[in-house]
Amino acid sequence: MQLIPFLDIDTHDIDAHPGKGEPAHQHFDLRFPFRLRTTEVPVVLQEEEVGGIEWRPVDRVTSPTLHEKLLKLPLQVEPETANASALIYNDRGEYLLHLRDYFPGQIWEPGMWSLLGGGREPQDATLEHTVRRELAEEAGLDLVGLSPFGTEYASHDDGTTVPIAIYAGRWNGDPRELHLTEGVMLAWFAPDDLHRLRIADTTSDLVRRHAAGHPPMRSGPEPEEQRLASPHDTVPNIIGVHLYLERPDGTVLLGLRHPDSAFAPSTWHVLAGHCEQENAIDCLIREAMEEAGLHIERQDVELVHVVHHIGQPRNPPRMGLFFRARTWSGEPVLREPDKCTQWKFWDPAALPDDLVPYTRLAIEKIQNDELYSETGWPA
């Protein structure tokens, strides 16, 4: 919804109303038109003031002065676009997304994955200048080719809609090497992975629409990654990152996993996740934000335990890294209720019975300042 500047003043006589103690007087109605992107807007009438409401074409407006003024309005003109974002993709068909800070009420789409970009400023001659300035300021990026792709319509919590000009560009760099000045992190994601993220539907649809017309130019790992691949007779180990969050009173944060979880259903576990195309600390920061809305800074993280564990013989071995956050901001909230149904701080001396076994072992070792343990391996 867009408020158009003040349009009309209607002056009319009101008869005396003794029951309300009102003498006869003149009444002034200030008329403000609104431009809506849809007519599917719920309307609740103030029945003591309004007898009805309906959508009318301009030629059926009965007030001559209002009719004349409405004819002068460019009613079909879209709201002015004053924001621009960059849809950045690589040759493997992945898209660069930005995990925003979780500051509700202070920033747009807090704690969600989004595109880099921002609002137009007075020095920006065009919206392309806007997106280039934002890329430089937010990530130190300077792309050679950027071309207009379309418009995304993002919605505020108050229902207002903001048009955002989208510029697409190709880049094959490593986001870990960028100097990020806003938000938590940058990472590449394939369109098929978007359903796992907290991301606006409009952004997800935008990425998929672009991907449909731009198939990957290259598949598989980079040549350097191929040279560094492990020999065929070795077994890769999965890296799991775990958050050991301890309050000043000594209690430790655990989450109750969803009953439908593939791993440890209806069982308590620390906040955890698998490393993707990222380093372990970036993974920890991302998972803490995505799962519980916790904001952690890299300098406040320390490694406190490593558990090398394996389940059944056919399962791949896993290296569990447990990191302590010395300080953090925010209180745990259920950001992914399909994975975790409850967060609770527990006394390490009275942990729940239904706790993931290697997690129980790790907590005990951390309490004893022991850095390494093993479990599940044959004697």
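User: In this predicted model, what share of the contacts with a separation of 6 or more comes from residues 24 or more positions apart?

Analyst: Good place to start! The model is predicted, and we look here at contacts between residues with a separation of 6 or more in the protein. Among these, the part that joins residues 24 or more positions apart is 64%.

User: Which residue shows me such a contact, and what is the C-alpha distance between Ile 281 and Phe 323?

Analyst: Try Ile 281, which sits in helix H5, residues 280–292. Leaving aside neighbours within four places in sequence, Ile 281 is in contact with Arg 298, Val 301 and Phe 323. Ile 281 and Phe 323 are 42 residues apart in sequence, yet the distance from C-alpha to C-alpha is 8.3 Å.

User: Is Ile 281 buried or exposed?

Analyst: The cut-off we need is that buried means under 20% relative accessible area. Ile 281 has a relative accessible area of 18%, so this residue is buried.

User: How many helices and strands are there in the protein, and how much of it is buried?

Analyst: Let's take the elements before the burial. The protein has six helices and 19 strands. Of its 379 residues, the part that counts as buried is 40%.

User: Which strand does S16 pair with in the antiparallel sense, and which one runs parallel to it?

Analyst: Strand S16 covers residues 301–309, and seven of its nine residues are buried. Eight bridges join S16 to strand S17 (residues 318–325) in the antiparallel sense, and one bridge partner there is Ala 325, facing Val 301. Four bridges link S16 to a strand at residues 372–375, where Thr 375 is the bridge partner of His 309. So the antiparallel partner is S17, and the parallel one is S19.

User: What is the order of the strands in the open sheet of three, and which strands are at its edges?

Analyst: Strands of a sheet pair through backbone hydrogen bonds, either parallel or antiparallel. In this open sheet the pairing is antiparallel, and the order is S14-S13-S18. Strand S14 (268–269) and strand S18 (340–346) each pair on one side only. The edge strands are therefore S14 and S18.

User: Which residue in S14 is the bridge partner of Leu 256?

Analyst: Strand S13, residues 252–257, pairs with S14 in the antiparallel sense over two bridges. In S14, the bridge partner of Leu 256 is Trp 268.

User: How many salt bridges are there, and how far apart in sequence are the parts that Arg 170 and Asp 91 tie together?

Analyst: The structure holds 19 salt bridges. In one of them, the side chains of Arg 170 and Asp 91 meet at 3.0 Å, N to O. Arg 170 lies in strand S10 (residues 161–170), while Asp 91 is in the loop between strand S5 (83–89) and strand S6 (95–99), so the parts tied together are 79 residues apart in sequence.

User: Which of these two partners, Arg 170 or Asp 91, is buried?

Analyst: Arg 170 has a relative accessible area of 35%, so this residue is partly exposed. At 12% relative accessibility, the buried partner is Asp 91.

User: In which helix do Arg 132 and Glu 128 lie?

Analyst: The side chains of Arg 132 and Glu 128 meet in a salt bridge at 3.2 Å, N to O. Both count as partly exposed, with 24% relative accessibility for Arg 132 and 29% for Glu 128. The two residues are four residues apart, about one turn of the helix, and that helix is H2.

User: Which residue forms a salt bridge with Lys 365?

Analyst: Lys 365 is partly exposed, with a relative accessible area of 21%. Its partner is also partly exposed, at 32%. The closest N and O atoms are 3.2 Å apart, and the partner is Glu 370.

User: Why do Cys 275 and Cys 283 form no bond, and how many disulfides are there?

Analyst: A disulfide is a covalent bond between the sulfur atoms of two cysteines. To count here, the sulfur atoms must be within 2.5 Å. The sulfur of Cys 275 is 4.2 Å from the closest cysteine sulfur, in Cys 283, so the two are too far apart for a bond. The number of disulfides in the structure is zero.

Note on methods:
Residues numbered from 1 in each chain as written. Predicted model: local features only at pLDDT ≥ 70, side-chain atom pairs only at ≥ 80, totals over all residues. Heavy atoms only, no water. Buried < 20%, exposed > 50% of the residue type's maximum accessible area, 1.4 Å probe, protein only. Contact = heavy atoms within 4.5 Å. Pairing = 2+ DSSP bridges. Salt bridge = Lys/Arg side-chain N within 4 Å of Asp/Glu carboxyl O.
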